[in-house]
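The following exercises concern the structure shown below. Each one sets a task and then works through the solution step by step.

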Amino acid sequence: MKTNELIAVLSTNIEPVDTRKLVRKVCAAILIGSSVALSVAIFALGIRADLRDPGALAFLFPKLVFALSVVSLASVYLFRHLRPGGEFRSGVALTALPFLALMILAGVNLTSAAPSHWEHMLLGGQWLECLISIPIIAVVPFAVIMWAVRFAAPTDLTRTGALAGLLAGGVSAIGYALHCTDDSLPFIALWYGATIVLCALTGAVLGRRLLRW
Amino acid sequence: MTTEAELKALMIASLRGDAAAHRVFLESLSGHLRAYYKRKLGLAGRAAEETEDLVQEALMAVHTQRHTYDPGELLTPWVYAIARYKLIDYLRRTHAAMSDVPIEDVGELIAYNDHDAAESALDLAKLLTRLPEKMRLAIQYVKLDGLSVAEAAARCGVSESSIKINVHRGLKILAASIAEKGKHEDE
């Protein structure tokens, strides 16, 4: 086929295009995904019983700060990567910041405690539940966000998929934090950190396949 | 030679639904894309005829992804990113060892122009037969026969918005099927 013929076909009867729809769609997906993750955590797992206790709120706080900062950074970078060439102008290194900060705090926390407490601080009571719950709760937010990102045209599929996975993992961690009663910083750094990173890695692998255009 | 400002003005007009501007836009782009791919494939030791396949793939991508352009940004980097993405995708499925394309100055894309068009191996009529009936008809009526969306909707017995959606989805599938085709032929 001649290129002129293709151009004639493409430019026949074109419709006006809404360039803001993309951002709206991804925003909606993030909101829907988050609502699903929160509902699963609240209705399927149940909120921790001691939440009325002011002490429990103080324990919940670091988890929420960590997960929320992961979610905010992942969202910011995901939006930059939606359009072709987004990766030329934007790094992703900052998304590691919440993880590093939490690991440093956890390290300080461990070194200031007696080694006999370390096992309990690291494993808590429910490390297995945490390891399983966060990735599972992340499935629906990830699917919804990826569905919206397919409407975009990212040119770095691995990174975009990883950011979607990171975002879904963070959203899932917010939900799981409402249920989880293991409150030590080393526990959060290890299990929350590892499961969210796992979500990001899964997203990176799937992004290469699912986001092609 | 077209510049960033000229191309961007055409793109903005085309986003508002100006078909004439869209046509001029794609025509100017095709010259830049051809020059870009000729240089790139030349370096990669490929025949010049393949250039036209890539030019057309990139034009389809620019067309079907134009909703991802942010009018607040420069146009050249957006086009360059699409051109490079399609080049990498193409090299990956035809010659994996050469798919490492460094990021260059985005201005490189519009610095050169080449209007010496060859014919591509792409066969639109053949590709169309693989589409689901409703998409094939929507594209046939609106894009090939030049019927208005309202006329096509009346002829197909569906709403105007479903004609628009079918045209858009159909073109996206066509663009994707070109890439898939190359992939399978090599495997």
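Helices, of at least four residues, and strands, of at least two, are DSSP runs numbered from the N terminus. The model under study is a predicted one.

**Exercise 1. Describe the secondary structure of each chain, and state what share of its residues is buried.**

Step 1. Read along the sequence, chain B gives the pattern α-α-α-α-α-α-α-α-α. The count is nine helices and zero strands in chain B.

Step 2. For chain A, the pattern is α-α-α-α-α-α-α-α, with eight helices and zero strands. The C-alpha atoms of chain A fill a box of roughly 75 × 35 × 25 Å along the principal axes.

Step 3. In chain A, buried residues account for 45% of the 213 residues. In chain B, 40% of the 187 residues count as buried.

Step 4. Consider contacts between residues at least 6 apart in sequence. In chain A, 89% of such contacts join residues at least 24 apart; in chain B, the figure is 67%.

**Exercise 2. Determine how α3(A) and α4(A) are oriented to each other, and identify the residues in their contact.**

Step 1. Two packed helices are described by the angle between their axes and the distance between the axes. Helix α3 of chain A covers residues 54-81 and helix α4 of chain A covers residues 97-111; the angle between them is about 160 degrees, and their axes lie 9 Å apart.

Step 2. Angles over 145 degrees count as roughly antiparallel. α3(A) and α4(A) are therefore roughly antiparallel to each other.

Step 3. From α3(A), the contact is made by Phe66(A), Ser69(A), Val70(A) and Leu73(A), and from α4(A) by Leu97(A), Pro98(A) and Leu102(A). By class, this contact has six nonpolar residues, one polar residue and no charged residues.

**Exercise 3. Locate the two domains of chain B and characterise the contact between them.**

Step 1. The domain assignment of chain B places domain 1 at 1-122 and domain 2 at 123-187.

Step 2. Domain 1 of chain B contributes nine residues to the contact, and domain 2 of chain B contributes 11 residues.

Step 3. On the side of domain 1 of chain B that touches domain 2, the elements giving two or more residues are α3 (49-64) and α4 (76-94) of chain B. The largest share of that side, five residues, comes from α3(B).

Step 4. By class, this side of domain 1 of chain B has three nonpolar, three polar and three charged residues.

**Exercise 4. Characterise the side of chain B that touches chain A.**

Step 1. The contact takes 43 residues from chain B and 27 residues from chain A.

Step 2. On the chain B side, two or more residues are given by each of α1 (4-15), α2 (19-43), α3, α4, α7 (133-144) and α9 (160-186) of chain B.

Step 3. Sorted by class, the side of chain B that touches chain A has 21 nonpolar, 12 polar and 10 charged residues.

**Exercise 5. Assess the confidence of the model, with particular attention to chain B.**

Step 1. The model scores ipTM 0.89 and pTM 0.89. Chain B averages a pLDDT of 86, and 90% of the residues score at least 70.

Step 2. Within chain B, confidence is highest in α1(B), at a mean of 95, and lowest in α9(B), at 78.

Step 3. Over residues 183-187 of chain B, the pLDDT is below 50, and this stretch has three contacts in the model beyond near neighbours in sequence. Where pLDDT is low, the predicted coordinates should not be read in detail.

Key: Residues numbered from 1 in each chain as written. Chains lettered and ligands numbered in written order. Predicted model: local features only at pLDDT ≥ 70, side-chain atom pairs only at ≥ 80, totals over all residues. Domains from an automatic or database assignment. Contact = placed C-beta atoms within 7 Å. Nonpolar A, V, L, I, M, F, W, Y, C, P; charged D, E, K, R; others polar. Axes fitted to C-alpha atoms, helices over the stretch in contact; angles between N-to-C directions. Parallel < 35°, antiparallel > 145°, perpendicular 65-115°, else oblique. pLDDT = per-residue confidence, 0-100. Buried ≥ 20, exposed ≤ 12 C-beta atoms within 10 Å, placed from the backbone.
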